[in-house]
Every structure is written in C-alpha cells, then in structure tokens.
Amino acid sequence: MAQEALIRAPEDETALCEALERLVFDLIECYEGLERVGERRMAAIRGAKPGELSVTVREENEFVQRIADLEKHRVAIVSAYAKRMGSEAKVQTKLSWIAERLEGEARERIGGLVERLRRTIERVQGRNEVAQEATVSLAMHMRGLLRKVAEQLNHARTYGRGGLVEPGARVVSALDVRS
C-alpha cells in the first residue's frame, strides 16, 4: 500500500529510490526462492517422488504469483523513473539503465542489487531448462515403457495407425485342458 501511494507521488526522489531498492530486493528474494525450490524439484524428479514434486510445483506457483504482483509495482516505479530520466523505452526501461543514472551511493547499492537479480534470474532460467529436458526425457521413457507393456498385452499383434503395435480390444482366450 505504501508503494502504491509512493508511485502516485514520484516527485519525492528519496522515497522513489527506496521503493526501487525494496522492489529489486523483493525480486531477488523471490527468484532465490524459486532457485531453492527448483533444486528440490530436480531432486524429486531424480528420486521419482511425485508427492514432493507436487509440493515443489505448488511452491513455485506461489513464487511466480508473488513475482507477478511485484511486476505491477515494477511497471509503476520504472514508469516514474523513465518519465523523470527521459527514457524512450518507458515501462520497458531496464532496471540497470535506471541504476546507472542514479546518483551517489544509490547508484552503487541499487546497481549491485540489479546485477545480483540478473545473475539469479539467469541461474533460475538455466535450471528450468535442465528440468524441462529431464521432464521431457522422463515422459518419453514412460511412454516407451507403456508402449512395451501394451505390446505384450496385445494378443492380436496388430499395428495401429502410427505403425506401432498398440493396445486394441481386449481378447480373452483360454483353453480348458481339464475337461
């Protein structure tokens, strides 16, 4: 609520700078949280623990929602700075561009935080790419296993449209050897 009131009054340079610093710090916390949860998600995938995977997905969603909420504040803060500093990129102005143009200690402090945020986001993106590849690989493996089971259970041994032996109608066949 304080940030919303602050955003409506961008002429207060000190308060705007504090809001920017708080925003960047909050984003760092969220992305570092995503990074920790991502490590647990990979462990759950490696360990084939669906219960833990479900928990990590829910936690990731909570972090993503928090980031979406912070994005609304980022747009307002960046818009105020873009107008003040004459950025043609308006709300697309990069945080690093703003940090470079701040004066005094704020430039170094916020610039360092923005750099830390950038590195954290890159690590999260890299780990997400690895997780995606692992998930696709696991899904393909499971599909192959299911296809193999279906092959074994298909008594007719007929091919489906895809050129593979697929499960068809269940055929129950038996021979009574006792009578």
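Reader: Which residues are linked in a network of salt bridges?

Author: Keep in mind that this is a predicted model. The structure holds 18 salt bridges, and some of them join up into a network. The residues linked in this way are Glu35, Glu39, Arg123 and Arg127.

Reader: Threonine 120 caught my eye. Is it buried or exposed?

Author: Threonine 120 is found in helix α5. Buried means under 20% relative accessible area. Threonine 120 has just 1%, so it counts as buried.

Reader: And what does threonine 120 touch, not counting residues up to four places away in sequence?

Author: We skip the close neighbours in sequence here and look at what else lies in contact. One of the partners is Glu35, a residue that also belongs to the salt-bridge network. The full set for threonine 120 is Tyr31, Glu32 and Glu35.

Reader: Aspartate 26 and arginine 66 meet in a salt bridge. How many residues apart in sequence are the parts that the pair ties together?

Author: The side chains of aspartate 26 and arginine 66 come to 3.7 Å, N to O. Aspartate 26 sits in helix α2 and arginine 66 in helix α3, so the bridge ties together parts of the chain with a sequence separation of 40 residues.

Reader: Which relative accessible areas do aspartate 26 and arginine 66 have?

Author: Let's take the two ends of the bridge in turn. Aspartate 26 is buried, at 10%. Arginine 66 is partly exposed, and its value is 38%.

Reader: Now for helix α5. What separates glutamate 105 and arginine 109?

Author: These two form a salt bridge, with the closest N and O atoms 4.0 Å apart. Glutamate 105 is exposed at 64% relative accessible area, while arginine 109 is partly exposed at 36%. Because they are four residues apart in helix α5, what separates them is about one helical turn.

Reader: How many Å apart are the closest N and O atoms of glutamate 115 and arginine 118?

Author: Both residues lie in helix α5, three residues apart, about one turn of the helix. Glutamate 115 is partly exposed at 31%, and arginine 118 is partly exposed at 38%. Their salt bridge has its closest N and O atoms at a distance of 2.3 Å.

Reader: Let's go to the largest nonpolar core. Which element gives the most to it?

Author: The core has 27 residues, and Leu20, Val24, Tyr81, Leu102 and Ile110 touch the most other members. Elements giving two or more residues are α2 (13–46), α3 (50–85), α4 (95–101) and α5 (105–153). With 11 residues, the top giver is α2.

Reader: What is valine 24 in contact with, leaving aside its neighbours within four places in sequence?

Author: Valine 24 is one of the core residues that touch the most other members. Once those sequence neighbours are set aside, valine 24 is in contact with Leu95, Leu113, Val114 and Leu117.

Reader: How many Å does α2 reach from its first C-alpha to its last?

Author: Helix α2 has 34 residues, and at 1.5 Å a residue the expected reach is 50 Å. After the helix comes alanine 48, whose phi is positive, near 50°. The actual reach of α2 is close to the expected one, at 49 Å.

Reader: Last one: which residues make the nonpolar surface patch of about 260 Å²?

Author: Start with leucine 145, found in helix α5. Leucine 145 has a relative accessible area of 41%, so it counts as partly exposed. Together, the residues that make the patch are Leu138, Met142 and Leu145.

Notes. Residues are numbered from 1 along each chain as its sequence is written. This is a predicted model: local features need pLDDT of at least 70, side-chain atom pairs count only at pLDDT 80 or more; totals for chains, interfaces and linings use all residues. Side-chain values use heavy atoms; hydrogens and water are left out. A nonpolar core is a set of buried Ala, Val, Leu, Ile, Met, Phe, Trp, Tyr and Cys residues joined through side-chain atoms within 4.5 Å. Buried means under 20% relative accessible area, exposed over 50%, partly exposed in between (1.4 Å probe, protein chains only). Contact means heavy atoms within 4.5 Å. The expected span of a helix is 1.5 Å times one less than its number of residues. Patches are made of residues with over 30% relative accessible area and no salt bridge: like charges are joined within 9 Å, nonpolar side chains (Val, Leu, Ile, Met, Phe, Trp, Tyr) within 5 Å. Accessible areas come from the Shrake-Rupley method with a 1.4 Å probe; for residues, only the protein chains shown count as cover.
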